[in-house]
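Got your viewer open? Load the model and get ready to click through a few selections with me.

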Amino acid sequence: MAGGALKYRHLSRSSSHRQALLRNLVTSLFTHESIKTTWPKAKEAQRLAEKLITLGKKNTSATRLRAQQIFYHPLTHLNTLFTTIRARYLNRPGGYTRVLRIEPLNKHHDQAPSAILELVDGPKDM
């Protein structure tokens with residue numbers, strides 16, 4: 001089989017554009033705890049968000065620097081990640097986010113498959 005399996009979704013964007021998009025989605029996720037986007041973008045952002053929460057659970061200087069490189073507004077989000085979100089998921093072995101499929105957001109245009117990406121055990125789950 002030529003090429004093999006894809007390691008990630010390319011999302012029809014260049015590498016820098018894709019990284020900026022995913023950083024923006026993850027920053028919005030930690031700001032609002034729930035975001036609506038297309039399903040492929042949500043699945044890729046879910047991977048990055050899970051890695052960030054795992055970094056938050058380790059809480060070392062190296063993990064703080066790595067998380068700082070990903071967030072667009074690190075001063076506001078680093079504190080959230082390493083305090084409230086870390087405490088929420090400290091005893092959870094994985095599965096910190098969920099992706100729920102919803103009706104397309106643009107019903108009159110492209111009918112792209114849409115999804116909600118949200119943090120598990122958030123204020124909406126209580």
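We'll visit a pocket, then a helix, then a single residue.

Before you start, keep in mind that this is a predicted model.

**Stop 1: the pocket.** Begin with the largest pocket, which has a volume of about 430 Å³. To find its middle, select Gln19, Leu22, Leu48, Lys51 and Arg66, the closest to the centre among the 14 residues that line it. Now colour three helices: H1 (15-32), H2 (39-58) and H3 (61-70) each supply at least two residues of the lining. H2 gives the most, with six residues. Colour the lining by residue type and you should get six nonpolar, two polar and six charged residues.

**Stop 2: helix H3.** Stay with H3 and select Thr63, Ala67 and Ile70, its buried residues. They cover an arc of only 50° around the axis, so they sit on the same side of H3. What covers them? Show H1, H2 and helix H4 (74-89), which are among the elements that do. Next, turn to the face of H3 that points away from the buried side: there you'll meet the exposed residues Ser61, Leu65 and Gln69.

**Stop 3: Thr63.** Zoom in on Thr63, found in helix H3. Why does Thr63 count as buried? Its relative accessible area is 7%, and the cut-off for buried is under 20%. Leaving out residues up to four places away in sequence, Thr63 touches Leu55, Lys58 and Phe82, so select those three too. Last, look between Thr63 and Leu55: a polar atom of the Thr63 side chain lies 3.5 Å from the backbone oxygen of Leu55.

Methods
Residues numbered from 1 in each chain as written. Predicted model: local features only at pLDDT ≥ 70, side-chain atom pairs only at ≥ 80, totals over all residues. Heavy atoms only, no water. 1 Å grid on protein atoms, 1.4 Å probe; cavity = no way out; pocket = protein on both sides within 12 Å on 5 of 7 lines; lining within 4 Å. Points joined across faces, edges and corners; volume = space filled by probe spheres on them. Helix = DSSP H or I, 4+ residues; strand = E, 2+ residues; numbered from the N terminus. Nonpolar A, V, L, I, M, F, W, Y, C, P; charged D, E, K, R; others polar. Buried < 20%, exposed > 50% of the residue type's maximum accessible area, 1.4 Å probe, protein only. Arc of directions from axis to C-beta. Contact = heavy atoms within 4.5 Å. Polar contact = N/O pair within 3.5 Å; in protein donor to acceptor, adjacent residues only side chain to side chain.
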